[in-house]
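The following exercises concern one protein chain and its three-dimensional structure. Each task is followed by a solution that proceeds step by step.

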Amino acid sequence: MSITPLTAAPTVHRATPLFRGRIGRDARSGHYAVPHRYRLHLSTACPGGLRLAVGHSLLELDTSCPVTLLPAVPDQPGGGHTALRPLYEASAHHHTGPALAPVLSDDWSGRIVSTHAPDILRDLDRFRHTGHAELHPRGLESVIEAVERMCAEGVEEAAQRAGRADAAPAERAAALEVLLDTLDRLERRLSGEEYLVDGRLTAADIELWVSLVQLDTVHRCHLDAGAVHRIAGHRALWAYARRLTARPAFGRHLDLDGIARRHHGRCQGLEAAGAAVQILDWAGHAAEAPDASRR
């Protein structure tokens, strides 16, 4: 599959992660993949945290790398979490900024390895054992990275700009066209295909699924009803979202109430008519999972 990143949408400017260590393949790397050494700290109401929670479940790392769940709404100014403050202070002397999630910490040293969610998800693959999922198959790295950029720029960033109350109508309309063009491309890919890349479940599917969750639960609230109906018209794309939601590794991590509270606590925008036009019954589809053994 060939997926090229968008050129029509501007690059998403995200905060530079304070910590960006990596887990290597052996002891020479300092941080290496060994069970019971590392811990994830995340909130599933946060897109980065939700991606990591799904990947962690697909890789079946519950015992190898435990997870500490954080509140949906951060309890410190700037989006920080009180529970993470000791880790930040141990890792960066006199750290004065917010203690942001997600975090991968090293229990051996009591310090932070990384706060960069995409790197953390890649490194969780280092714990993989035979028979478990492989989220970043060798040879498909560039395709998965292209999907990540497509979702960030063509879905999340474009949807956010399309719903900005302080933007000119022409700017909102242009952003909506970028969003719809991206969804069209994904729709064509998923028509007749179960997964995005190479006929198997990969990190690309986690990326897109979380972007669709955000699109329907957060960004939709700031779009008009006509725009939401056009978005909902991508039937193969939303059928794909329903299928993934029905898998326990995806659906059981959905904290719809937490996502709503986090959104209302951070958002300064105005609610639009599209807020009343829900595309998927996320809770209902999550409840369709036959049993917890199906990943």
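## Exercise 1: Salt bridges of Arg164

Task: in this predicted model, identify the salt bridge between the side chains of Arg164 and Asp166, and classify both residues by exposure.

Solution. Step 1: the side chains of Arg164 and Asp166 form a salt bridge, with an N to O distance of 3.0 Å. A salt bridge requires a side-chain nitrogen of Lys or Arg within 4 Å of a carboxyl oxygen of Asp or Glu, so this pair qualifies.

Step 2: Arg164 has a relative accessibility of 35% and therefore counts as partly exposed, the class between 20% and 50%. Asp166, at 61%, counts as exposed, because the cut-off for that class is over 50%.

Step 3: Arg164 also forms a salt bridge with Glu171, where the closest N and O atoms are 3.9 Å apart. Glu171 is partly exposed, at 33% relative accessibility.

## Exercise 2: Asp198

Task: state where Asp198 lies, and describe its backbone and its side-chain pairing.

Solution. Step 1: Asp198 is located in the loop between α5 and α6 (203–217).

Step 2: the phi angle of Asp198 is near 60 degrees, which is a positive value in a residue other than glycine.

Step 3: the side chain of Asp198 meets that of Arg200 in a salt bridge, at 2.9 Å from N to O. Asp198 has a relative accessible area of 46% and is partly exposed; Arg200, with 33%, is partly exposed.

## Exercise 3: Salt bridges in the whole structure

Task: how many salt bridges does a search of the whole structure find, and which residues are linked in a network?

Solution. Step 1: the search finds 16 salt bridges.

Step 2: a network of salt bridges links Arg20, Arg22, Asp119 and Asp123.

## Exercise 4: Packing of α5 and α8

Task: determine the relative orientation of helix α5 and helix α8, and describe the residues in their contact.

Solution. Step 1: two packed helices are described by the angle between their axes and the distance between the axes. For α5 (residues 169–190) and α8 (residues 235–245), the angle is about 70 degrees and the axes are 7 Å apart.

Step 2: α5 is therefore roughly perpendicular to α8, a class that covers angles of 65 to 115 degrees.

Step 3: from α5, the contact involves Leu183, Leu186, Glu187 and Leu190, which meet Arg235, Ala236, Leu237 and Tyr240 of α8. These contact residues comprise 6 nonpolar, no polar and 2 charged.

## Exercise 5: Further backbone features

Task: describe the peptide bond from Ala101 to Pro102 and the phi angle of His36, and place Pro102 and His36 in the fold.

Solution. Step 1: the Ala101 to Pro102 peptide bond is cis, with omega near 5 degrees. Pro102 belongs to the loop between α2 (85–91) and β3 (103–106).

Step 2: His36 has a phi near 70 degrees, a positive value in a residue other than glycine. His36 lies in the segment before β1 (38–42), and its relative accessible area of 57% makes it exposed.

## Exercise 6: The protein as a whole

Task: summarise the secondary structure, burial, surface and contacts of the protein.

Solution. Step 1: the protein contains 11 helices and 4 strands.

Step 2: of its 295 residues, 51% are buried. The accessible surface amounts to about 13600 Å², and 50% of this belongs to carbon and sulfur atoms.

Step 3: among contacts between residues at least 6 apart in sequence, 73% join residues at least 24 apart.

How values were computed:
Residues numbered from 1 in each chain as written. Predicted model: local features only at pLDDT ≥ 70, side-chain atom pairs only at ≥ 80, totals over all residues. Heavy atoms only, no water. Axes fitted to C-alpha atoms, helices over the stretch in contact; angles between N-to-C directions. Helix = DSSP H or I, 4+ residues; strand = E, 2+ residues; numbered from the N terminus. Parallel < 35°, antiparallel > 145°, perpendicular 65-115°, else oblique. Contact = heavy atoms within 4.5 Å. Nonpolar A, V, L, I, M, F, W, Y, C, P; charged D, E, K, R; others polar. Buried < 20%, exposed > 50% of the residue type's maximum accessible area, 1.4 Å probe, protein only. Areas by Shrake-Rupley, 256 points an atom, 1.4 Å probe, with all protein chains shown as cover.
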